[in-house]
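Me: I'd like to go through this one with you, a question at a time. Ready when you are.

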Amino acid sequence: ATTKAGVKRKSPASSVTTRAKAKAGVQQTMSGFLSGSFSAPRLRSQWSSRDTDQYLNGYPGKKDYPALKDNLDFYMNRIPFVPNGDYIDNILPYWFRNYDKLEHNLDYIEWLFPIRESGMNWDAQELQVHEARAICADATAHGRVLKSYELMLDFYGMELANKETGELRRGINWRSRFAHLNRSMHNYLRITRILKCLGEMDYQHLQAPFVLFCIEEAFHHGTLSGIRRSLSDYWVYVVKKEAERKALIEKLHEYR
């Protein structure tokens, strides 16, 4: 069966399994965050290492399906996200600084930041290679991806200071938004997805500056202490450019 937006739905049995696995994964991740204090980088788990390696290596063995195009259609403003969603050209202006909506709506993140993995919204389609290429080839669609990134940066209390270099600075609302991010752990999973999506959508140059900004805030200034484990286990390791990734790992080691 398909939705009105043309999304191929999973079978009920499959959706139950998917949601159960997703819930178990979130619970496992959250329990890791909540166990003990964390003040410096530590050894990564085998699971997090496998996850990021799959991403960096281009998901070996994963096929591209030319008939699937929901992510492309969404970013071309042809369809709304599902379920109960809106069009990208409405989301970008009208959801900006609507922090309650951005926090509590759990269905949009897979559509704004599609990657080649399933998320918790089983109506969302995994990103196909041909879709990423088509989005990057269309200036308007590609620009919408950047605006989606800026939308979420503001939500997290950050601001894109330079689109060419990716340099970030604190937003005007950084104190309240940092306080929220420190206690809103599901956003750490969202940020992992956002960073992976930037790498798939030809915005690799934005990855390292985001991670560097977070390192400085989390470890040097202590304003984002809540993100330290995700930052050390995931975010630094999804930076696609090897030299940048190694430099960021060395930066983390300064805080051991």
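Me: Leaving aside neighbours within four places in sequence, which residues is Phe113 in contact with?
Reply: This is a predicted model, so everything here is computed from predicted coordinates. Once the neighbours within four places are set aside, Phe113 has these contacts: Ser148, Tyr149, Met152, Arg193, Ile194 and Cys197.

Me: And is Phe113 buried or exposed?
Reply: Phe113 sits in the loop between helix H6 (109-112) and helix H7 (129-137). The cut-off for buried is under 20% relative accessible area. Phe113 comes out at 0%, so the call is buried.

Me: How many Å separate Phe113 and Tyr149 in space, C-alpha to C-alpha?
Reply: Tyr149 is among the contacts of Phe113. In sequence the two are 36 residues apart, while C-alpha to C-alpha the spacing of Phe113 and Tyr149 is 8.5 Å.

Me: How are H7 and H8 oriented, roughly parallel or roughly perpendicular?
Reply: The axes of H7 and helix H8 (residues 139-155) come within 5 Å and cross at roughly 100°. Angles of 65 to 115 degrees count as roughly perpendicular. H7 and H8 are therefore roughly perpendicular.

Me: Which residues of H8 meet H7?
Reply: H7 brings Ile135, Cys136 and Ala137 to this contact. By class, the contact of H7 with H8 has six nonpolar residues, one polar and no charged ones. On the H8 side, the residues are Ala139, Ala141, His142 and Val145.

Me: Cys136 turns up in that contact. What is the distance from Cys136 to the nearest cysteine sulfur?
Reply: Searching the whole structure turns up zero disulfides. Cys136 is in no disulfide, and the nearest cysteine sulfur belongs to Cys197, at a distance of 9.0 Å. A pair of sulfur atoms has to be within 2.5 Å to count, and for Cys136 the value is 9.0 Å.

Me: What about exposure: what is the relative accessibility of Cys136?
Reply: Cys214 makes a handy companion here, as that cysteine is buried with a relative accessible area of 1%. Cys136 counts as partly exposed, with a relative accessibility of 24%.

Me: On to H10 and H11. How do H10 and H11 run, roughly parallel or roughly antiparallel?
Reply: Helix H10 (residues 186-200) and helix H11 (residues 207-221) have axes 9 Å apart and pack at an angle of about 150°. Anything over 145 degrees goes down as roughly antiparallel. So for H10 and H11 the answer is roughly antiparallel.

Me: Which residues of H11 make the contact with H10?
Reply: From H10 come Ile191, Leu195, Leu198 and Gly199. By class, the contact of H10 with H11 has five nonpolar, two polar and no charged residues. The H11 side consists of Gln207, Phe210 and Val211.

Me: Which residue in the loop between H10 and H11 has a positive phi?
Reply: The residue is not a glycine, and its phi is near 65°. It lies in the loop between H10 and H11, and its name is Asp202.

Me: H11 also packs with H13. How many charged residues are in the contact of H11 with H13?
Reply: The axes come within 10 Å and cross at roughly 0°, so H11 and H13 are roughly parallel. The contact involves Ala208, Val211, Leu212, Ile215, Glu216 and Phe219 of H11, with Glu244, Leu248, Lys251 and Leu252 of H13. By class there are seven nonpolar residues and no polar ones, and the charged count is three.

Me: What is the relative accessibility of His253?
Reply: His253 belongs to helix H13 (residues 242-253). Ser232 is 21 residues away in sequence and 9.8 Å away, C-alpha to C-alpha. His253 counts as partly exposed, and its relative accessibility is 34%.

Me: Any backbone oddities to look at? Which residues does the cis peptide bond with omega of about 5° join?
Reply: One partner, Pro83, is found in the loop between helix H3 (70-75) and helix H4 (88-94). The cis peptide bond joins Val82 and Pro83.

Me: What is the phi of Asn84?
Reply: Asn84 is in the loop between H3 and H4. At 78% relative accessibility it counts as exposed. Asn84 is not a glycine, yet its phi is positive, at about 50°.

Methods:
Residues are numbered from 1 along each chain as its sequence is written. This is a predicted model: local features need pLDDT of at least 70, side-chain atom pairs count only at pLDDT 80 or more; totals for chains, interfaces and linings use all residues. Side-chain values use heavy atoms; hydrogens and water are left out. Buried means under 20% relative accessible area, exposed over 50%, partly exposed in between (1.4 Å probe, protein chains only). Helices (H or I, at least four residues) and strands (E, at least two) are DSSP runs, numbered from the N terminus. Axes are lines fitted to C-alpha atoms, for helices over the stretch in contact, and angles run from 0 to 180 degrees between N-to-C directions. Angles under 35 degrees count as roughly parallel, over 145 as roughly antiparallel, 65 to 115 as roughly perpendicular and the rest as oblique. Contact means heavy atoms within 4.5 Å. Ala, Val, Leu, Ile, Met, Phe, Trp, Tyr, Cys and Pro count as nonpolar, Asp, Glu, Lys and Arg as charged, and the others, Gly among them, as polar.
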